[in-house]
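Here is a short report on a single model. Please look over the sequence and the structure before reading on.

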Amino acid sequence: MKNDTAMLPVSPRVRWSTWALLAGLVLLVIASFATLPLKWGEFFSADAVRTSADFLHGFAPPDLAPNFLTKIGVATFETLAMSAIGTVIAALLGALLALPASGRFGTLARNATRALLNVLRSIPELVWASILLIAAGLGPFAGTLALALHTVGVLGRLFADAFENCPPLPAASLRINGARPAATFLYATLPQCGPQMMSYTLYRWENNIRAAAILGVVGAGGLGQMLKYHLSLFQMPSAATVIVAMLLMVAAVDGLSYVLRRAMTR
C-alpha cells in the first residue's frame with residue numbers, strides 16, 4: 001500500500017487566479033440575489049396559493065372532443081415537421097460551414113466563418129421568427145426558417161470542433177499514400193466524426209421540438225399558436241389539451257432520440 005501511494009503523482013496546485021475567479025462568481029451570485037426584488041413571502045402567501053389553485057382548476061377537465069383532437073393531431077404534425085425540416089436544413093448547412101470553420105481553408109476563412117456562426121446562434125429562435133414573420137408572413141414557414149438559422153450556428157460550431165478534434169493519423173496515412181484532400185476527408189475524417197455529428201443533430205432536434213412549440217406563440221403555427229389562441233380566449237380546457245399534447249410529443253421525441261443516439265454511439 002505504501003509503495004502504491006508513493007507511485008501516485010503529486011496533485012497539482014491550485015493557482016490564486018482560480019480562487020479569485022471562484023470568489024468573484026460567488027460574490028456575483030450574492031449580489032444578484034441582493035439586488036433583485038424577489039418577493040418570496042408574497043409568492044408563498046395563502047392568497048397566492050389560493051389564486052394559483054383556482055387558476056389551475058380551470059384547466060380541468062381537458063377538452064377531448066373528437067373534432068378538437070383532430071385539430072390537435074394536425075398541429076402536432078405541423079410542429080414535428082417544422083422541427084424536423086429546420087434541423088435537416090441546419091445540419092446540411094452546418095456541415096458545409098464547418099469545413100472552413102475548422103481551418104481547412106486558412107485562418108481568414110476560419111475566423112470569418114466562426115464569426116458568422118456566432119451571430120447565427122447568438123440570436124434566439126423567437127427573435128429570428130419575429131424578423132422572418134415580416135418577410136415570410138404568418139405560418140410554419142417562418143418558424144422553420146427561424147429554427148434552421150439558429151441551429152446552423154449551433155451545429156456548425158459543434159461540427160467544426162468535431163473536425164478539429166478528429167484523430168489525424170488515418171487522414172495522414174491516406175495523404176501519404178497519395179489520396180487527394182477530398183478523398184481523405186470522405187474516407188478518413190467523416191467516418192470518424194459521423195456518429196458524433198449525428199448525435200449532435202439528434203440532440204438539437206430534441207431542442208427544436210420544444211422551440212417549435214414555443215414559436216407558435218408569435219404566429220409561426222403548430223401547437224404554440226393553438227395554445228396562444230385558447231389562452232387568449234380563456235378557454236382553459238382546450239389549452240390544457242394542447243399542453244398535454246406538447247408534453248407527450250416532447251417525451252416521445254426525447255425517448256426516440258435517446259434510443260437512436262445510443263444505437264449509433266455504441
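The largest pocket is lined by Arg104, Ala171, Arg175, Pro181, Ala182, Thr184, Phe185 and Thr189. A pocket here is an open set of points on a 1 Å grid over the protein atoms alone, where a 1.4 Å probe fits, with protein on both sides within 12 Å along at least five of seven lines; lining residues have an atom within 4 Å of a point. The volume of the largest pocket is about 150 Å³, counted as the space filled by probe spheres set on the points. Its lining divides into four nonpolar, two polar and two charged residues. Helix 9 (169-176) and helix 10 (181-215) each supply at least two of them. Helix 10 gives the largest share, five residues. Helices are DSSP runs (H or I, at least four residues), numbered from the N terminus.

This is a predicted model: local features need pLDDT of at least 70, side-chain atom pairs count only at pLDDT 80 or more, and totals for chains, interfaces and linings use all residues. Residues are numbered from 1 along each chain as its sequence is written, and side-chain values use heavy atoms, with hydrogens and water left out.

Next comes helix 6. Which of its residues are buried? They are Thr113, Arg114, Leu117 and Leu120. Buried means under 20% relative accessible area, exposed over 50%, and partly exposed in between (1.4 Å probe, protein chains only). These buried residues cover an arc of only 120 degrees around the axis, so they sit on the same side of helix 6. The arc is taken from the directions from the helix axis to the C-beta atoms. They pack against helix 5 (66-101), helix 7 (125-136) and helix 8 (140-164). Contact means heavy atoms within 4.5 Å. The face turned away from the buried side of helix 6 carries the exposed residues Thr107, Leu108 and Ser122.

Two residues outside helix 6 can be set side by side.

| Residue | Location | Relative accessible area |
|---|---|---|
| Alanine 53 | helix 4 (residues 46-57) | 43%, partly exposed |
| Phenylalanine 234 | loop between helix 11 (222-232) and helix 12 (236-264) | 65%, exposed |

Alanine 53 and threonine 18 are 35 residues apart in sequence and 47 Å apart in space, C-alpha to C-alpha.

Backbone geometry comes last. Most residues other than glycine have a negative phi, and most peptide bonds are trans. Phenylalanine 234 has a positive phi of about 55 degrees, although it is not a glycine. The peptide bond from alanine 60 to proline 61 is cis, with omega near -10 degrees. Proline 61 lies in the loop between helix 4 and helix 5.

Conventions:
Helix = DSSP H or I, 4+ residues; strand = E, 2+ residues; numbered from the N terminus. Nonpolar A, V, L, I, M, F, W, Y, C, P; charged D, E, K, R; others polar.
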